[in-house]
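Trainee: I have a model to go through with you. Can we take the ligand shell, then the helix packing, then the odd backbone spots?

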Amino acid sequence: MARAASCPFDPPPQLKDLQEEAPLTRVELWDGSTPWLVTRYDEQRTLLQDPRLSSVVTRPGYPSPAPLRPGADSIGFILMDDPEHMRLRRMVTAPFAMKRVAAMRPAVQRIVDSLLDDLLAGPNPVDLVEAFALPVPSLVICELLGVPYADHDLFQAHSRNLVSRSVSPEDRGASFGALNEYLTGLLDKKAAEPAEDVLSGLAARVTAGELTRREAAGMGVLLLIAGHETTANMIALGTAALLEHPDQLALLRSSDDPALVGSAVEELLRYLNITHNGRRRSAVEDIEIAGETIRAGEGVIMANDIGNRDPAIFDNPDDLDLTRAGNRHVAFGFGIHQCLGQPLARLELQVVYSTLYRRIPTLRLAAGLEKIPFKHDGSVYGVYELPVTW
Ligand code: HEM
């Protein structure tokens, strides 16, 4: 379900046709399997709350976007079902809760300001991904988890491999193994010398026998990858989209209103929906929905990118409108797996979008949009590089 080259911010046009025809339909995947593709917002939300759908990738019928890597099910709780999923998720909800995250705003602002100081003092043009979009969430998640940022080359490279469909399953497996080993080592260090961070909390639970070392390392890998890869793409892709919509960018740059910054973040999340492979599940029982029967053992893909453009829910859904009110997008998913890090992602994006374009009012692309390498082959959409100048 890669995006069409014609407008790199829109879902593939075929999805719009499918959405107009029916709420769900069969599609054929790379392996010849024919899961259901759910294109309408209401049916997506209904199904994402249905416990008869499983997130376990090794179950029959799971519609994987690419051949599975060895050990594909060993990554935190995102690919588990309840009650296992909830047992593990509960152990890390507190540090990602709204109030705790809100207290991090001054620290996030300092990180953003300091990276922009360096960027402005450095070469022009520059790749915004490397100089800014990737370091912001990496520094933040490192601080929260207790991962040394000095190791960023290692964990960023392996994360990039893990979310790429053009990397072989064996190489993705090797990258997971390397990250897992790295996190296991850190957890051992935290057990010996605890600090005020999430990994120390997990290490203490391992010592207390509430969690195995393997489970703790898998959770560490999940939080580290999810914590930087997604937000980095939203920063760079969001900037590309705003630079292509100068009227909207001008609105954001000229307003002091935190409510506008908030609605701008929600709208960019809706419009860009970077987790463009959709929410993937397999049915464990028969499910009747919209006049169809999803049989036990069949795959289901909730295409949230087109769900976020459903005209039954959003007026003029293909317009980027930073003032859009009541934006109930599904860019963070829905149901039990709804994004754990959403308060943190929102905070980072609010700080970035309200700072970057004000500090660099003349920011513009240093290459035509057609020259920008978009991540059509990744499970998270974005840009590999974003050359900018000012
Ligand atoms: C703009 C940035 C982000 C977007 C668009 C995003 C999107 C998503 C989506 C769509 C899901 C649902 C997966 C599913 O249903 O299968 C999810 C889950 C998750 N996200 Fe995020 N995410 C973002 C940032 C973050 C951050 C900063 C963290 C911090 C660690 C994070 C941690 C997680 C975790 C742990 C899960 C799994 C939740 C569960 O299975 O219960 N995410 N995210």
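Mentor: Start with the classes. Ala, Val, Leu, Ile, Met, Phe, Trp, Tyr, Cys and Pro count as nonpolar, Asp, Glu, Lys and Arg as charged, and the others, Gly among them, as polar. Keep in mind that this is a predicted model.

Trainee: By class, how many nonpolar residues does the shell around the ligand have?

Mentor: Sort the shell by those classes. Three residues are charged and eight are polar. The nonpolar count is 16.

Trainee: Which residues come nearest to the ligand?

Mentor: Being near means having a heavy atom within 4 Å of the molecule. There are 27 residues around the ligand. Those that come nearest are His85, Arg89, Arg281, His337 and Cys339.

Trainee: How far is the polar side-chain atom of His337 from an oxygen atom of the ligand?

Mentor: Look at the polar contacts together. Arg279 places a polar side-chain atom 3.2 Å from a ligand oxygen. For Arg281, an N or O atom of the side chain is 2.8 Å from an oxygen atom of the ligand. For His337, the distance from its polar side-chain atom to a ligand oxygen is 2.6 Å.

Trainee: Which element gives the largest share of the shell around the ligand?

Mentor: Three elements give two or more residues to the shell: helix H3 (84-90), helix H11 (213-243) and strand S5 (279-283). The largest share is seven residues. It comes from H11.

Trainee: Are H10 and H11 roughly parallel or roughly antiparallel?

Mentor: Helix H10 covers residues 198-207, and its axis comes within 9 Å of the H11 axis. The two axes cross at roughly 165°. Angles over 145 degrees count as roughly antiparallel. Therefore H10 and H11 are roughly antiparallel.

Trainee: Which residues of H11 make the contact with H10?

Mentor: H10 passes H11 in a right-handed crossing. From H10 come Val198, Leu199, Leu202 and Val206. By class, the contact has seven nonpolar, one polar and one charged residues. The H11 side is Arg213, Ala216, Met219, Gly220 and Leu223.

Trainee: Are H7 and H15 roughly perpendicular or oblique to each other?

Mentor: H7 spans residues 135-145 and H15 spans residues 342-359. Their axes come within 11 Å and cross at roughly 140°. Roughly perpendicular needs 65 to 115 degrees, and roughly antiparallel needs over 145. So H7 and H15 are oblique.

Trainee: Which residues of H15 make the contact with H7?

Mentor: H7 passes H15 in a right-handed crossing. H7 brings Val136, Pro137, Val140, Ile141 and Leu144. By class, the contact of H7 with H15 has seven nonpolar, no polar and one charged residues. On the H15 side are Leu344, Glu348 and Val352.

Trainee: H5 packs with H7 too. How many nonpolar residues does the contact of H5 with H7 have?

Mentor: The H5 and H7 axes are 10 Å apart, at an angle of about 140°. Val108, Ile111, Val112 and Leu115 in H5 meet Pro135, Val136, Leu139 and Val140 in H7. No polar and no charged residues take part in this contact. The nonpolar count is eight.

Trainee: Now the backbone. Where is Pro83 found?

Mentor: The peptide bond from Asp82 to Pro83 is cis, with omega near 5°. Pro83 is in the loop between strand S3 (53-54) and H3.

Trainee: Is the peptide bond from Asn124 to Pro125 cis or trans?

Mentor: Pro125 lies in the loop between helix H5 (105-121) and strand S4 (126-127). Omega from Asn124 to Pro125 is near 5°. The bond is cis.

Trainee: What phi does Ala290 have?

Mentor: Ala290 lies in the loop between strand S6 (287-289) and strand S7 (292-294). Ala290 is not a glycine, yet its phi is positive. The value is about 50°.

Methods. Residues are numbered from 1 along each chain as its sequence is written. This is a predicted model: local features need pLDDT of at least 70, side-chain atom pairs count only at pLDDT 80 or more; totals for chains, interfaces and linings use all residues. Side-chain values use heavy atoms; hydrogens and water are left out. Axes are lines fitted to C-alpha atoms, for helices over the stretch in contact, and angles run from 0 to 180 degrees between N-to-C directions. Helices (H or I, at least four residues) and strands (E, at least two) are DSSP runs, numbered from the N terminus. Angles under 35 degrees count as roughly parallel, over 145 as roughly antiparallel, 65 to 115 as roughly perpendicular and the rest as oblique. A crossing is left-handed if the near helix is turned anticlockwise from the far one by less than a right angle, and right-handed if clockwise. Contact means heavy atoms within 4.5 Å. A polar contact is a pair of N or O atoms within 3.5 Å; within protein, one must be able to donate a hydrogen and the other to accept it, and residues adjacent in sequence count only if both atoms are side-chain atoms.
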